[in-house]
Amino acid sequence: MSARISSDRPAARHGWPQALVTVLGGLVAMGAVAALGLWAAGATDLPGGSFPAVVAATVVTAVGGTVELSGDAGALAGTEGGLTVIPLSVTLAGALVVGTGFLRPLRRRAVAGAPELAGWAARIAVLWLLALLGLALAARHTFEISLGDGPLGDLGELFGLTPVVGFAADVPLTVLIGLVWLAGVLVVALLASPGAALPAGLLRFGPAVRPAAHTMVRLLLAAVVICLVVALFVAATRGHAVETFAVILLGLPNVAWLALTVGLGATWDGRVEGPFGLPMPHVLDEVLRTPDVSALNLGTLVEHDGGRWWWLLVADAVLLLAAAFLTASASPAGVPAWQHAVRMAVALALTVLMICLMARISARIGLSVLGIGDLGDGFSGQVLLKPRLWTALGLALLWGLVAGFAGAWLARAVRRRGRGAER
């Protein structure tokens, strides 16, 4: 009787109104962060009242949706472009709000029925689908490009060329990937919350999965907080405050989680050319602005900018040891150290996989007239950043095993000392 009552009472608190509040809260958070970041980046100066469409496109890409670039410059000219980048500050804001709203009616309970959980998630998914559809339809605009007063402008005037570049969200793909994103957020929220109710059949997996999942979320947030402190210090002491706040509001986790993987020893291949660039620190842009694809790792950073970048290795070691200790402390006392190590290794590898999939960047735009391609840095450029995936995952497994053993040993020592003090 008590179990049924405790299950029925919260069910009344997560109907359609609560689902609407959760979805709207996530959209408002994402839209506000995106708008402020784009404002700091100068996007309000874009022509044709395009700012709302750019905000919508930013939110679409933040949930993994696709925005396609297109161009037309007449019969004698051509434009080309492509963009793959996720503004993870916007993504993180939405994930935190939606995840919190999803978990709210499930807290302070041990068990929730599978139909109840499925119904609650389905309500959110239906409203989220409608919101995605509206965002994808709003994320489209067209710009005219001024060719300037130089030779390119003379060619344009001679042949009557007016290059036009536009963007539009791929509606079906955006809806599909956006729903996958939502499912990932809800699953991670459920796994990473120690106090959220689970179906009775999954309770036995909680002690094995939840401590590591919870710790990985805290590890990612800790990396973002550390990067935020560094960014605010840079903004206060070295100027460029507006540009720094644009990076904070659009891509701070991109930088923080990239640094986390680099500190583990991972290598990212990349290239920067033309007017584009990578966000702070500027050494990233400098290392990758080469004629060919370059490697970004601890070695190249140290070689380019001195030995101070070894602090990434030290910071990762401290963060992972703390994460492993917290994971072991939250697990049952009788779990062997090797199990802690394996769980930590798997959890860290999955976390690094998520970073590698979400932090990669690919951007390209070009303009050609009369077959002359890439006319000037003001009209063409490329940014590429992709991980060496298998190396990164292997290093994550190794770090996780070592940190897991060390954290288990440290947690046991603390427990023994606590029992000795009680006696």
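Start with the nonpolar patch on the surface: H13 gives it four residues, the largest share. The patch as a whole is formed by Trp 338, Val 342, Val 346, Leu 350, Leu 401 and Phe 405, and together these residues have about 560 Å² of accessible area. Two elements give two or more residues to the patch, namely helix H13 (337-358) and helix H14 (389-422). Keep in mind as you look around that this is a predicted model.

Pick out Leu 350 from that patch. Leu 350 sits in helix H13. Is Leu 350 buried or exposed? The relative accessible area of Leu 350 is 53%, so this residue counts as exposed, the cut-off being over 50%. The patch members Trp 338, Val 342, Val 346 and Leu 350 also make a nice numbering pattern to follow along the chain. In an α-helix there are 3.6 residues a turn, so residues three or four places apart point the same way.

Now zoom out to the whole protein chain. You'll find 14 helices and eight strands in it. Of its 423 residues, 45% are buried. The chain exposes about 20400 Å², with carbon and sulfur atoms supplying 69% of that area. As for how the chain meets itself, take the contacts with a separation of 6 or more: residues 24 or more positions apart account for 76% of them.

Next, the aromatic rings. How many aromatic pairs are there? The count comes to three. One of them joins Phe 102 and Trp 120, whose rings are stacked, with 6.4 Å centre to centre and 5° between the planes. This pair links distant parts of the chain: Phe 102 belongs to helix H4 (residues 88-103) and Trp 120 to helix H5 (residues 114-138), 18 residues apart. Both partners are out of the solvent's way by the accessibility numbers: Phe 102 counts as buried because its relative accessibility is 3%, and Trp 120 is buried too, at 1%.

Trp 120 is a handy way into H5, the helix that holds it. H5 has 25 residues and runs 36 Å from its first C-alpha to its last, close to the 36 Å expected at 1.5 Å a residue. Which residues of H5 are buried? They are Glu 116, Leu 117, Trp 120, Ile 124, Leu 127, Trp 128, Ala 131, Leu 132, Leu 135 and Ala 136. So the stacked partner of Phe 102 is one of the buried residues of H5, with a relative accessible area of 1%.

Note on methods: Residues numbered from 1 in each chain as written. Predicted model: local features only at pLDDT ≥ 70, side-chain atom pairs only at ≥ 80, totals over all residues. Heavy atoms only, no water. Buried < 20%, exposed > 50% of the residue type's maximum accessible area, 1.4 Å probe, protein only. Contact = heavy atoms within 4.5 Å. Areas by Shrake-Rupley, 256 points an atom, 1.4 Å probe, with all protein chains shown as cover. Phe/Tyr/Trp six-rings, centres within 6.5 Å; stacked < 30°, edge-to-face > 60°. Expected span 1.5 Å × (residues − 1). Patch = residues over 30% accessible without salt bridge, like charges linked within 9 Å, V, L, I, M, F, W, Y side chains within 5 Å. Salt bridge = Lys/Arg side-chain N within 4 Å of Asp/Glu carboxyl O.
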